[in-house]
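Please open the model in your viewer and keep the sequence panel beside it, since each stop on this tour begins with a selection to make.

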Amino acid sequence: MIDFYKEQVKSQLRELGLDPNNVSFRKHPKYAEIKNNIIFSSRTGTVTMDYFIRTELFPRESNEGRVGRFDPESRWNYLSFEANDLIVEIREEIAAELIENGIDEEKKYDDANIKNKLFGTSGLRNNLRERLNFDTFSYGPGHKFEEFQLLKLLYRFEKHPLTKVNITKLLSTLSLENVDKTILGAKSVNGQAVTELLTEVHLALVPSFPKMAKEVLVALILPWQEKLREILSVLNLDIPKEIRIAELQRILDHATQLINKLGEPQPVFSHSLMESFYIRVLQLTQIARTHDIGRMTRFISNSEHTLKLIGLDPPSTPLEPAIIDDVEAYVQEHMDVIASLVLSERSKTDQRKFISQNVAVVPELLVLLNSQRIHKNLAMTPLFLISCLQEIALSDSLQKGDDEYDFKNDYHLTNGKSQRLTTVLKSIFNQSNVEEALQLAWVGKIDRRMYANLGLLEEHLLMLDIGFTFDQLVEKVMQTPDVQTMQTWNTFLLSEMSTNRELPIIEVTRIFASTIEEALGYTCDIRSMHLFSIITDSGLLEGITTSIISNIQKAILFLQETPIGPDRKFSFSMKLFGVQYNLLYSIDHVSKIFILWSFSTAKSTEMYELWTSVGLGTFIADERDLLLPKLRRVKSPNNKVKG
């Protein structure tokens with residue numbers, strides 16, 4: 001198979017007029033246009049043209065000749081080295097390239113200049129720490145060779161006289177333009193630069209590492225998307241609107257409080273420096289994506305036009321729900337009804353003219369929305385059609401200075417110009433290359449209008465806010481490039497976001513608290529909602545509540561017989577659906593308050609120790625100290641309530 005790809009690559013090079021048997025083609029401008037293209041995917045992940053050529057066609061040569069001591073392809077031979085060895089290698093390579101290109105600037109690249117750009121106050125090592133939150137010092141002297149490899153690599157990107165790209169500045173400027181979209185047929189100069197950087201780092205790693213790293217990040221993100229789908233199911237529950245809103249607000253409030261309580265993730269250093277840097281670049285690319293999506297979503301959700309739609313009754317329509325096969329024919333058949341819903345204030349002639357001129361773009365908007373959805377795809381329906389036309393009409397009516405009139409997409413090396421959204425719409429219709437952030441403006445507009453037409457705009461805006469907080473939690477998870485730390489934090493944070501597809505948790509807790517107060521005369525202070533996420537019907541709620549009341553009664557008797565402080569906590573074990581759970585609670589006997597602290601599955605000693613080592617110790621301290629078998633416990637006479 002490798003031989004097949006070798007011939008394919010050589011054929012592509014020949015088509016560009018390049019000699020595939022002479023490594024110097026890597027310096028040709030035509031090669032630069034294709035070097036970052038993905039040529040195939042394998043068990044080791046996606047492989048770029050440049051990676052394949054450097055590992056399979058010319059494994060012992062760079063484009064300048066022999067591979068340098070600190071190039072990514074090199075491996076440490078365990079001989080001693082110093083910073084000066086790196087400086088001299090960079091100087092000699094640059095001097096040779098300047099002479100080859102007839103450039104008389106060799107004196108600008110003396111040892112002192114190179115040393116300052118590597119290790120000075122504003123040098124590359126400090127830029128890594130300050131811009132990318134990647135501190136090479138923390139990896140210790142055992143990783144010094146990798147540090148020098150990385151610094152040389154970044155020097156070629158940022159400081160080299162012939163190929164300057166401020167890659168650390170680019171990565172620190174969060175934008176969708178940092179995401180390479182070549183495989184989707186779109187173009188992003190910044191995204192190509194990031195792909196080139198990843199290819200270079202890949203050369204320093206075992207071939208399979210990038211695939212593993214990408215799979216880990218995907219596995220971190222997918223559960224949050226699934227969690228959003230669970231929350232979205234609240235909109236389908238047959239409950240009053242005020243309870244839907246209260247349940248969504250409960251989730252948002254808890255996520256916000258959680259963000260405010262979190263400390264800093266602590267790495268356990270399970271990777272080498274170059275492996276960690278590869279992960280860090282992937283993290284920053286993902287964070288850039290969610291950051292820009294959030295920025296564009298807020299641009300629409302915080303607009304004055306959104307505020308005007310809140311509280312309005314959804315328009316009534318005689319149009320029956322249906323799947324529309326031919327949009328233009330459907331519009332002609334129902335023109336008067338559609339016109340009254342889209343442009344009621346205009347004359348019939350103007351209504352017909354406007355709708356006829358703009359209906360053709362609606363199918364393109366459907367394709368656009370479905371390309372961005374994590375839920376099931378939308379179909380062409382009267383609701384979608386009318387919502388699109390309403391938003392097109394709104395944008396058409398705006399003047400310079402109005403909300404949503406235009407948008408300036410900021411990213412590294414942007415031209416800084418604002419673009420009118422109606423102009424963006426024309427580009428979408430013409431299938432031109434439109435920056436993804438600007439496409440998202442239209443996604444946000446149409447989503448907003450559809451939910452408003454369904455009478456669910458307030459719920460939609462709360463869902464968006466929940467999505468924003470989830471992005472912040474994921475960003476926190478990705479703060480350190482350590483797989484074990486990320487996975488542990490992600491598991492914990494997901495477990496904190498209690499949801500229920502069948503019943504609104506806020507209503508279940510109200511019934512639970514009311515039952516406790518009625519049976520015992522104790523008010524409830526519920527600090528954890530985990531228990532209520534597994535209750536799927538009233539019968540199960542009644543059975544669990546009865547069991548807890550019985551246990552509380554025994555705890556009250558124990559407190560009466562054994563004078564202890566009010567901060568004493570008790571544990572209560574129960575088995576549900578074949579899973580062993582521990583419920584942690586305390587009782588203020590004087591004030592008659594029952595406090596539910598936590599409800600979680602049993603954990604091993606090793607799990608508690610891992611959670612503590614990665615920076616989550618404060619969240620599990622009480623549970624850990626009370627439930628670990630190796631720690632002393634005080635038991636009640638019946639051996640069921642443990643304190």
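What follows moves from the whole chain to two helices, a cavity and a handful of single residues.

**The whole chain**

Begin with everything displayed, and bear in mind throughout that this is a predicted model. The protein chain contains 25 helices and 10 strands, and its C-alpha trace spans about 90 × 80 × 50 Å along the principal axes. If you colour by accessibility, buried residues make up 50% of the 643 residues in the chain. Among contacts between residues at least 6 apart in sequence, 69% join residues at least 24 apart.

**Helix 10**

Select residues 209–232, which form helix 10, a helix of 24 residues that reaches 35 Å from its first C-alpha to its last, close to the 34 Å expected at 1.5 Å a residue. Now show the side chains of its buried residues, among them Phe209, Pro210, Leu217, Leu220, Ile221 and Trp224, and note that Lys227 and Glu230 also belong to the buried set. To see what covers these buried residues, add the surrounding elements, which include helix 9 (189–202), helix 11 (241–261), helix 12 (273–301), helix 21 (457–477) and helix 22 (483–496).

**Helix 17**

Keep helix 12 on display and select residues 362–372, which are helix 17; its buried residues are Val362, Leu365, Leu366, Leu368, Leu369, Asn370 and Gln372. The cover over these buried residues includes helix 12, along with helix 16 (348–358), helix 18 (382–397), helix 19 (421–429) and helix 20 (436–453).

**The cavity**

Which residues line the largest cavity? Select Ile90, Glu93, Ile94, Lys152, Tyr155, Arg156 and His160, and the lining is before you. The structure holds 1 cavity of 30 Å³ or more, and the largest cavity has a volume of about 30 Å³. Helix 4 (83–100) and helix 7 (144–158) each supply at least two residues of this lining, and the lining residues divide into 3 nonpolar, 1 polar and 3 charged.

**Asparagine 126**

Move next to asparagine 126, which you will find in helix 6 (residues 124–132). Is this residue buried or exposed? Asparagine 126 counts as buried because its relative accessibility is 14%, which falls under the 20% cut-off. Displaying its side chain shows a polar contact with the side chain of arginine 129 at 2.5 Å, and the side chain of asparagine 126 also reaches the backbone oxygen of glycine 120 at 3.5 Å. Leaving aside neighbours within four places in sequence, asparagine 126 is in contact with Gly120 and Thr121.

**Lysine 35**

Select lysine 35, in the loop between helix 2 (29–32) and strand 1 (38–42). Although its side chain carries a charged group by the classification used here, lysine 35 is buried, with a relative accessible area of 12%. What does the side chain of lysine 35 make a polar contact with? The partner is the side chain of glutamate 196, at 3.0 Å. Not counting residues up to four places away in sequence, lysine 35 touches Thr48, Met49, Asp50 and Glu196. For a sense of scale, draw a distance from lysine 35 to valine 268: these residues are 233 apart in sequence and 36 Å apart in space, C-alpha to C-alpha.

**Asparagine 409**

Now go to asparagine 409, which lies in the loop between strand 5 (406–408) and strand 6 (418–420). Despite its place in a loop, asparagine 409 counts as buried, at 4% relative accessibility. A second distance can be drawn from here to asparagine 490, 81 residues apart along the chain from asparagine 409, and the C-alpha atoms of the two are separated by 31 Å.

**Two residues with positive phi**

Finish with tyrosine 78 and phenylalanine 577, taking them in turn. Tyrosine 78 is in the loop between strand 4 (65–66) and helix 4, and its phi is near 70°, a positive value in a residue other than glycine. At 67% relative accessibility, tyrosine 78 counts as exposed. Phenylalanine 577 lies in the loop between strand 8 (569–576) and strand 9 (579–588), and has a positive phi of about 55° although it is not a glycine. Phenylalanine 577 is exposed as well, with a relative accessible area of 61%.

Methods
Residues are numbered from 1 along each chain as its sequence is written. Side-chain values use heavy atoms; hydrogens and water are left out. Helices (H or I, at least four residues) and strands (E, at least two) are DSSP runs, numbered from the N terminus. The expected span of a helix is 1.5 Å times one less than its number of residues. Buried means under 20% relative accessible area, exposed over 50%, partly exposed in between (1.4 Å probe, protein chains only). Contact means heavy atoms within 4.5 Å. A polar contact is a pair of N or O atoms within 3.5 Å; within protein, one must be able to donate a hydrogen and the other to accept it, and residues adjacent in sequence count only if both atoms are side-chain atoms. On a 1 Å grid over the protein atoms alone, a cavity is a set of points where a 1.4 Å probe fits but cannot get out, and a pocket is an open set with protein on both sides within 12 Å along at least five of seven lines; lining residues have an atom within 4 Å of a point. Grid points are joined across faces, edges and corners, and a volume is the space filled by probe spheres set on the points.
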